[in-house]
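Got your viewer open and your mouse ready? Let's take a walk through this one, one selection at a time.

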Amino acid sequence: MKKSRNSFSGSLGFVLAAAGSAIGLGNIWRFPYLAAKDGGGLFLFVYIILTLTFGFTLLITEVALGRRSAQGPLTAYGFFNKKWKFIGLIAFIVPYIIYPYYCVIGGWVLKYFTTYATMHGTDAVGDGFFGGFITAQWSPLIYMMIFACMCFYVVYRGVEKGIEKYSRIIMPILLLLVIFICGYSLTLSHTTVAGVTRTGIEGAGVYFIPNFEGITLKKLLIVILDAMGQLFYSLSIAMGIMVAYGSYMKKDVNLGQAVDRIEIFDTAIAILAGLMIIPAVYVFMGTEGMSAGPGLMFVALPKVFDSIGTFGPVLGIGFFLMVLFAAVTSAVSILEATTVSCMDKFHWSRKKSVSIMAATSLIFSFIVCLGYNIFYFEFPLPNGTVAQILDLFDYVSNNILMPIVSICTCILFGWVVKPRLLIGEMRLNGYNFWRKSLYIVMLRYVAPILLTILLLGAFGFYELIGLN
């Protein structure tokens, strides 16, 4: 089996594919509204510190255990200790839950891109456009299926001919689009009917300069919890993805350097995502527009594009094309994590594995789509929010199962297997692991504590003590 195993052609192929996974909707959609909500520069500062410590620890552990075992997430953990193979099962369930609703959101992005590409961007400005689309019976299903077919094709092609090949094409284009939209966002200026002029530079100040107004110990803890939760999205950790991609990394590739590059690439894109969106929203909608939360991308931004004038629709095309690229690269990595798990566990071919995973996931995608019309219901969650089917899928996978996977991973490699095994894997090819001591402390003590704090929030503990 290992002899015929696919692999990335080299370090660049791995970095682009892994970065493509990390630079998904989590960075472009979720990061900006969290930064706006949590005091701009304060959130950025906390996020960067956690990326270099907490995020780095989990990321390099997953990549190293993947390469060391040369197996997908379902079987990789059992390779090190059979009593802990249950972690692999949970790590397989996570992407299997995420992929169906990710395809649904990818369908939404595709809908917005086609709306702007066909020069109907003004339609997206209406307050009822987004709600009307997701509650329709057939349209969301069609867009979801088109998006799912795109992802299926890439994974079906394999690692080097599919995932790596398309990452090499898409990632440079995505990066250029991000930089262009950031630059344009900073040049924007708008005068309100009250005669107040707001500029993109001022919006960047709102984004980068920490806002300590009304900050308390409780609010600071909320910022830390939000930043930790965002790291799961941003770095694609606890989803089995980095274990799968690590298993494709050749032994002559410097693992540590590759992970360092992913850290830099991902953090830069996350910051640029905020720089794309927050200044533009601030210019035309003020600080009130920045409170749009998760609807920032689908509801607030179309209004911004409409306000810009002649160039607005063109900017809308570029923006949603970029988001579509990011959504595809992330969804492909999620589907790959389940596909390689089946290949390693059941010794199925890639074609059989991806076909079964994609087909069964499609059934759940239909259910998620119909959760906004035929199967609509409202379910109160322990954290105080009200959920539909998509929210339930997201809550179980991201708020509960992912912290559990990471806690168990830290215990397994921090105390049972011992850190030196993976440290040896990281030091292959001469990597100067200067964060070794930090890594051991984070893996054994700090990360499990932080993850437990995060998990308590999922079960409503902070609601009970009045934190939120």
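Start by selecting Phe 130, which counts as buried because its relative accessibility is 17%, below the 20% cut-off for that label. Keep in mind as you click around that this is a predicted model.

Now add Phe 298 to your selection. With 4% relative accessibility, Phe 298 counts as buried too. How are the rings of Phe 130 and Phe 298 arranged? They form a stacked aromatic pair, with 5.1 Å from centre to centre and 10° between the planes. Those two values are what you need, since a pair of aromatic rings is described by the distance of the centres and the angle of the planes.

Zoom out a bit and trace the chain between them. Phe 130 belongs to helix H6 (residues 129-134), while Phe 298 is in the loop between helix H12 (255-289) and helix H13 (300-308). They are 168 residues apart, so this pair links distant parts of the chain.

**Another pair of rings**

Next stop: Phe 152 and Tyr 156. This aromatic pair is tilted, at 5.4 Å centre to centre and with 40° between the planes. Both residues sit in helix H7 (residues 139-157), four residues apart, which is about one turn of the helix. Here is a handy rule: an α-helix has 3.6 residues a turn, so residues three or four places apart point the same way. Are these two buried or partly exposed? Phe 152, at 28% relative accessibility, counts as partly exposed, and so does Tyr 156, at 32%.

In total, the structure holds 33 aromatic pairs. For a crowd of rings, select Trp 108, Tyr 112, Tyr 116, Phe 129, Phe 130, Phe 298, Phe 305, Phe 319, Phe 320 and Tyr 372: together they form one aromatic cluster.

**Into the core**

Stay with Phe 319 from that cluster. Setting aside its neighbours within four places in sequence, Phe 319 is in contact with Ile 28, Ile 181, Met 276, Ile 277, Met 297, Leu 301 and Phe 305. Which residues touch the most other members of the largest nonpolar core? Among its 161 residues, those are Phe 54, Trp 108, Met 276 and Phe 319. Helix H5 (residues 86-117) supplies the largest share of this core, 19 residues. Apart from it there is another core, of five residues, including Leu 381 and Tyr 395.

**Along H5**

Select H5 and look at it from the side. It is mostly covered, with 26 of its 32 residues buried. Find Tyr 99: H5 bends there by about 30°, and a proline, Pro 100, follows within four residues. Check the length as well: at 1.5 Å a residue, the 32 residues should span 46 Å, and the end C-alpha atoms are 46 Å apart, which agrees. Just past the helix, click on Met 119, whose phi is positive, near 60°.

**A small residue and two charges**

Jump to Ser 185 in helix H8 (residues 159-187). At 2% relative accessibility, Ser 185 counts as buried. What does Ser 185 touch, not counting residues up to four places away in sequence? Gly 200, Leu 275, Met 276, Pro 279 and Ala 280. Notice Met 276, one of the core residues you met earlier.

Finish with two arginines. The charged end of Arg 198 sits over the ring of Tyr 282, 5.9 Å from its centre. Then find Arg 444, which lies over the face of Trp 415 at 4.6 Å from the ring centre.

Notes: Residues numbered from 1 in each chain as written. Predicted model: local features only at pLDDT ≥ 70, side-chain atom pairs only at ≥ 80, totals over all residues. Heavy atoms only, no water. Helix = DSSP H or I, 4+ residues; strand = E, 2+ residues; numbered from the N terminus. Buried < 20%, exposed > 50% of the residue type's maximum accessible area, 1.4 Å probe, protein only. Contact = heavy atoms within 4.5 Å. Core = buried A, V, L, I, M, F, W, Y, C linked by side-chain atoms within 4.5 Å. Phe/Tyr/Trp six-rings, centres within 6.5 Å; stacked < 30°, edge-to-face > 60°. Lys NZ or Arg CZ within 6 Å of the ring centre and 35° of its normal. Expected span 1.5 Å × (residues − 1). Bend = angle between axes of the 7 residues up to and from the residue.
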